Protein chains: 2
Amino acid sequence: MSWKLDSDRPIHTQLQEILQTQIASGALPPGSKMKSVRELATEAGVNPNTMQRAFAELERLNLIRTERTAGRFVTEDAARIAVAKDEIAMAQLELFRKKMKQLGFEKKEIVDFVRSKWEEEEDG
Amino acid sequence: MSWKLDSDRPIHTQLQEILQTQIASGALPPGSKMKSVRELATEAGVNPNTMQRAFAELERLNLIRTERTAGRFVTEDAARIAVAKDEIAMAQLELFRKKMKQLGFEKKEIVDFVRSKWEEEEDG
DNA sequence: ATGCTTGTATTAAGCGCTTAATACAGTAGT
DNA sequence: ACTACTGTATTAAGCGCTTAATACAAGCAT
């Protein structure tokens, strides 16, 4: 697990994004049991309260479900997960496009820029 | 001027990024005089101290120069500006690529995704 | 029943960011 | 000289995030 956190944004937000991405990608499969608050907090090197807060946000998004004493589980709603994945991807693309436009790139130039940076490497 | 600030990251960082982008894009031309701390702070709706801090960071990056009582000026070093623009663009692309990969997209899929989202629109 | 695990809640403390309210030094225009 | 503008610095206050240290309720395995 990565848990690379920076100090520029609230940690609970970053934890939420990391877990959300893992759910969207299928790294955390639908219906699977998640590690406990305390265990994940230790892994990530944060306070349990902070991890708890990240979980609360994921629950608000209907990406996980809580069973009071058994633990937390990734939703089994595959459609919900697919939507989340597409929403994140679109948001990222839009973010990238907007920033490039602010820098003065036209759409055609963006495509050229991406090509010039990617054609040199092998697939990864 | 936009000055769209969110509360999720330090304001001085966001101000710094906005100004940096304006310099990189040429919206603030090389050698041009910048507005005063107080004026920009009022425009952005932030405290002068906070805007001051953003300026200090831009100066550390050699993107602006300060004349004690006259004001601040965008650097005339066009090469420095070009480098900044390229660095920002590369960083944004890398950010996008990394996030998409975390979501489970292969490079080919990323390209397809971008195409599918962009081919429908006219140039913007 | 005991012990271990689960989620959840509370309190106090520290820290950085942000603001408000000033103040000072230096330059330019009148 | 006076005024208005520059950048710069200081102080105090408030706020949210984060941590540490607990504590409690509920289920499960033995």
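**Close-up views of a protein–DNA model**

**View 1. Polar contacts to DNA strand C.** In this predicted model, a polar side-chain atom of Arg53(B) sits 3.0 Å from a phosphate oxygen of DNA strand C. A polar side-chain atom of Asn49(B) lies 2.8 Å from a base nitrogen of the strand. His12(B) uses a polar backbone atom, 3.4 Å from a phosphate oxygen. Polar contacts are pairs of N or O atoms within 3.5 Å; within protein, one must be able to donate a hydrogen and the other to accept it, and residues adjacent in sequence count only if both atoms are side-chain atoms.

**View 2. The surface near DNA strand C.** Near means a heavy atom within 4 Å. Of the 22 residues around the strand, those that come nearest include Arg68(A) and Thr50(B). Helix 3 of chain B gives the most, with 3 residues. Helices (H or I, at least four residues) are DSSP runs, numbered from the N terminus. Of the strand's atoms within 4 Å of the protein, 70% belong to sugar or phosphate.

**View 3. Helix 1 of chain B.** This helix covers residues 11–25. Of its 15 residues, 12 are buried, meaning under 20% relative accessible area (1.4 Å probe, protein chains only). Among them are Leu15(B), Ile18(B) and Leu19(B). Just after the helix, Gly26(B) takes a positive phi of about 90°.

**Notes.** Residues are numbered from 1 along each chain as its sequence is written, and chains are lettered from A and ligands numbered from 1 in the order written. Local features need pLDDT of at least 70, side-chain atom pairs pLDDT 80 or more, while totals for chains, interfaces and linings use all residues; side-chain values use heavy atoms, without hydrogens and water.

Methods: Helix = DSSP H or I, 4+ residues; strand = E, 2+ residues; numbered from the N terminus. Expected span 1.5 Å × (residues − 1). Buried < 20%, exposed > 50% of the residue type's maximum accessible area, 1.4 Å probe, protein only.
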